[in-house]
Amino acid sequence: MTKAISPLLPIVYSKEVAAAKVRGAPIVALESTIITHGMPFPGNLEMARSVEAIIREKGAVPATIAVIDGILHIGLEDTQIATLAQMTGVMKLSRADIAFALAERRSGATTVAATMIAASRAGISVFATGGIGGVHRGAEESLDISADLEELARTPVIVVSAGPKAILDIPKTLEFLETRGVPVVTYDSEEFPAFWSRDSGLRSPLSLSSPAAIANFQRMREQLGIEGGMLIANPVPEEHEIPREEMEIYIGRALASAEREEVTGKDVTPFLLDNIFHLTAGRSLKTNIALVENNARLAAEIAVAMND
Amino acid sequence: MTKAISPLLPIVYSKEVAAAKVRGAPIVALESTIITHGMPFPGNLEMARSVEAIIREKGAVPATIAVIDGILHIGLEDTQIATLAQMTGVMKLSRADIAFALAERRSGATTVAATMIAASRAGISVFATGGIGGVHRGAEESLDISADLEELARTPVIVVSAGPKAILDIPKTLEFLETRGVPVVTYDSEEFPAFWSRDSGLRSPLSLSSPAAIANFQRMREQLGIEGGMLIANPVPEEHEIPREEMEIYIGRALASAEREEVTGKDVTPFLLDNIFHLTAGRSLKTNIALVENNARLAAEIAVAMND
Amino acid sequence: MTKAISPLLPIVYSKEVAAAKVRGAPIVALESTIITHGMPFPGNLEMARSVEAIIREKGAVPATIAVIDGILHIGLEDTQIATLAQMTGVMKLSRADIAFALAERRSGATTVAATMIAASRAGISVFATGGIGGVHRGAEESLDISADLEELARTPVIVVSAGPKAILDIPKTLEFLETRGVPVVTYDSEEFPAFWSRDSGLRSPLSLSSPAAIANFQRMREQLGIEGGMLIANPVPEEHEIPREEMEIYIGRALASAEREEVTGKDVTPFLLDNIFHLTAGRSLKTNIALVENNARLAAEIAVAMND
Ligand SMILES: [Mn+2]
Ligand SMILES: [Mn+2]
Ligand SMILES: [Mn+2]
């Protein structure tokens with residue numbers, strides 16, 4: 001389903017990714033919003049490097065995706081990652097504005113939706129992230145629903161996550177994905193995870209226990225002519241999880257603070273995450289790093305299996 | 001708009017359907033969830049056989065669609081229908097999981113959405129069912145909306161129904177279809193039907209009075225390059241209907257029971273249908289069978305007209 | 001992305017548009033619902049002629065789109081516009097029913113959604129209108145959301161408007177477009193406009209200050225393989241605007257009247273617009289005409305820039 005790359009598209013591959021494409025090696029896409037907006041420096045740089053190292057260890061090639069000065073980069077050289085990790089004021093790009101950054105020669109970090117678009121365009125079918133966007137709490141009033149969900153319904157990329165960020169409305173996120181026909185597969189568990197926690201109290205719509213089975217499922221979808229990607233929910237390893245009962249207390253407190261301080265719109269998510277960071281004395285960030293690494297591992301295994 | 005069948009897709013045609021494809025005869029797709037989840041044995045088997053017989057009488061070939069042990073069947077032999085009618089624990093497959101059943105070698109009955117996908121893949125453009133899924137009552141809170149509606153917006157199959165099941169929110173279902181650009185055509189009436197009843201109290205967005213006109217409309221959509229199918233609402237024959245005023249009382253009581261007994265999620269629809277079966281002393285099932293037969297008749301006529 | 005025109009599609013080009021297509025000249029599509037349903041005769045005819053004249057002055061060719069007796073017209077001769085401006089009982093066509101009017105040999109005016117479909121089919125990529133449809137106030141209860149928004153997510157046409165009609169729910173309309181990945185670009189301002197007013201109190205998601213930059217952005221989207229159109233919001237010129245604070249009073253009164261008189265469904269929008277016309281002593285209509293003319297000007301400039 002990869003479209004031919006237009007000669008006018010300002011796209012550059014890292015050396016490693018370009019070589020991987022030539023020899024047909026497995027590649028795992030990585031988003032850059034997690035680097036620019038998700039974690040503070042220098043933790044974000046350490047995380048980005050460690051995730052890339054994990055993917056290489058597993059026999060695949062990492063392709064961190066970002067727009068730098070109007071160029072779409074598929075894979076960043078290490079110095080570029082270091083620069084990105086310290087940049088401020090970069091755009092946060094989604095489906096609506098990734099081409100805007102290219103056309104206007106801006107720099108921007110790619111969200112899940114934009115990373116899926118870029119990965120698909122570059123022929124990459126597996127992508128590791130932390131948590132996807134979803135239906136926001138209160139969306140029945142605000143209609144605030146992440147473009148990540150629509151992208152899963154359209155673009156044929158397997159997205160490996162630890163579930164939607166648990167500050168979102170998880171039951172409504174699952175309903176939305178069901179309506180759109182997006183498969184939600186929990187890896188090796190019947191319980192749908194909740195980002196920092198191994199379960200959300202909801203059963204997973206589907207469950208598979210090997211990278212090969214996931215690869216096989218996606219191939220079968222393509223043979224049936226079904227568009228779009230799938231969401232793999234990979235529960236954070238037990239030793240790193242913050243149990244659901246505990247997280248619900250922190251999330252409840254953070255939501256109450258946001259209401260008290262009248263935080264609205266796009267400011268809500270960073271406010272809540274920061275609040276939870278303080279309420280957990282930094283544990284939430286450690287868990288976040290552990291789950292991204294865990295997802296990178298599984299994504300690499302799936303990418304290798306897709307090549308078999 | 002039919003895509004080439006991949007040699008790797010585990011798909012099998014019944015003898016009758018295979019022969020019909022060779023000679024270009026009209027074919028009508030049928031779903032299998034109505035057999036496995038919609039009615040008890042042996043009524044479900046009788047219904048399935050009678051519906052197939054009606055389609056043959058009208059000069060078309062029936063293609064009941066199901067996944068059996070990981071094989072996508074387009075058309076079932078009579079012994080397979082008999083087996084399916086007595087199977088328990090089969091999956092209920094929609095867009096998100098039809099390929100999952102194929103990949104994991106499971107068995108599953110196809111909902112409206114999955115039947116549309118399979119029919120379209122097999123080059124079949126007309127499909128008869130009872131009622132489609134829709135926007136659930138309370139969806140403004142739960143976001144519980146059937147994937148059938150999205151499928152109508154994507155997949156070029158004419159779905160002949162008696163309207164959405166009347167336990168759903170019919171006004172919201174029509175709004176959703178309007179937003180998605182799905183034509184809703186009531187056959188030979190200006191009143192939009194409500195499954196067991198010939199009218200819902202709502203005017204139909206569109207109305208046509210002959211199978212040829214319906215076929216002609218769909219062909220014109222394809223010539224304009226408009227994707228997706230259309231919903232034909234075929235009111236149940238008068239002698240079989242349960243009038244709206246009466247049905248609203250039963251539906252109201254069933255909804256009250258569901259609330260009292262705290263039935264939620266996927267259990268709600270079967271609970272309501274069973275409750276209504278008892279409240280109507282079985283009449284609701286007789287009406288259901290009559291309307292499916294009535295839809296099979298019209299679908300066959302449309303399939304014949306599409307071939308002209 | 002233009003599909004080949006089927007020989008069976010009843011489509012006719014005006015002489016001017018046919019010649020423009022042959023020589024590759026820039027063309028701007030125009031909708032016809034604004035003529036048949038948006039303004040009374042003879043003001044509607046004057047507006048239609050003035051808008052076409054503005055487009056010609058700017059070096060592009062106007063293509064007013066309508067269905068007349070089952071023929072899809074891309075560009076109307078002046079006598080046809082005059083006839084259309086006085087016709088009554090014409091259908092208001094959207095994605096769901098534009099092909100219905102063709103198949104049933106009816107006449108109908110095209111809404112934003114249907115005009116986008118027809119324009120795209122005819123190879124026209126820029127379209128000027130007044131205001132687009134959007135999420136209706138109360139849609140969190142009714143699900144009443146215009147098909148125009150979905151069309152923007154699918155069909156590659158640049159729609160130049162003065163924002164959504166301000167009687168709609170503008171914040172929810174922006175959320176819906178964000179979820180669907182539709183770019184919303186305000187021309188030469190950071191403030192998102194509200195049809196009669198130059199600002200809505202909301203920041204625009206994106207902003208560009210030249211027709212060339214808009215053309216460039218759309219081209220980049222196509223090179224990235226991103227489907228769909230974009231919404232250009234072009235604030236009404238200052239000398240013609242009715243300031244937001246003032247409009248909010250009129251809109252509030254009109255909404256209160258609609259509630260008092262129990263106006264519902266499709267009758268709400270015309271009721272509100274008529275009410276506002278009287279409350280503003282006709283100023284709302286003058287502003288409406290001024291903003292359509294302003295949009296025609298910008299659309300022509302974008303169409304010229306797309307040809308560079
Ligand atoms: Mn949002
Ligand atoms: Mn549901
Ligand atoms: Mn509406």
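Biologist: What is the relative accessible area of Glu248(C)?

Modeller: This is a predicted model, in which local features need pLDDT of at least 70 and side-chain atom pairs count only at pLDDT 80 or more, whereas totals for chains, interfaces and linings use all residues. Residues are numbered from 1 along each chain as its sequence is written, chains are lettered from A and ligands numbered from 1 in the order in which they are written, and side-chain values use heavy atoms, with hydrogens and water left out. Glu248(C) belongs to helix α11 (residues 244-260) of chain C; helices (H or I, at least four residues) and strands (E, at least two) are DSSP runs, numbered from the N terminus. With buried meaning under 20%, exposed over 50% and partly exposed in between (1.4 Å probe, protein chains only), Glu248(C) is partly exposed, its relative accessible area being 47%.

Biologist: Which residues of α12(A) are buried?

Modeller: Helix α12 of chain A covers residues 268-279, and its end C-alpha atoms are 16 Å apart, in agreement with the expected 16 Å (1.5 Å times one less than the number of residues). Its buried residues fall within an arc of 130°, so they line one face of the helix; the arc is taken from the directions from the helix axis to the C-beta atoms. They pack against α11 (244-260) and α13 (283-306) of chain A, contact meaning heavy atoms within 4.5 Å. The buried residues are Phe271(A), Leu272(A), Asn275(A) and Ile276(A).

Biologist: What kind of rotation axis relates chain C to chain A?

Modeller: The copies are superposed by least squares on C-alpha atoms of residues with pLDDT of at least 70 in both. A turn of 120° and a shift of 0.0 Å along the axis lay chain C on chain A with an RMSD of 0.0 Å. The two copies are thus related as by a three-fold rotation axis.

Biologist: Which three residues supply 27% of the area that chain C buries against chain A?

Modeller: Between the two chains about 2,400 Å² is buried, 59% of it from carbon and sulfur atoms; this is the accessible area (1.4 Å probe) lost on putting two parts together, summed over both. The 27% comes from Thr179(C), Gln223(C) and Leu224(C).

Biologist: Which residue of chain C forms a salt bridge with Lys266(A)?

Modeller: A salt bridge is a side-chain nitrogen of Lys or Arg within 4 Å of a carboxyl oxygen of Asp or Glu, and chains C and A share 4 of them. In one, the closest N and O atoms are 3.2 Å apart, and the partner of Lys266(A) is Glu178(C).
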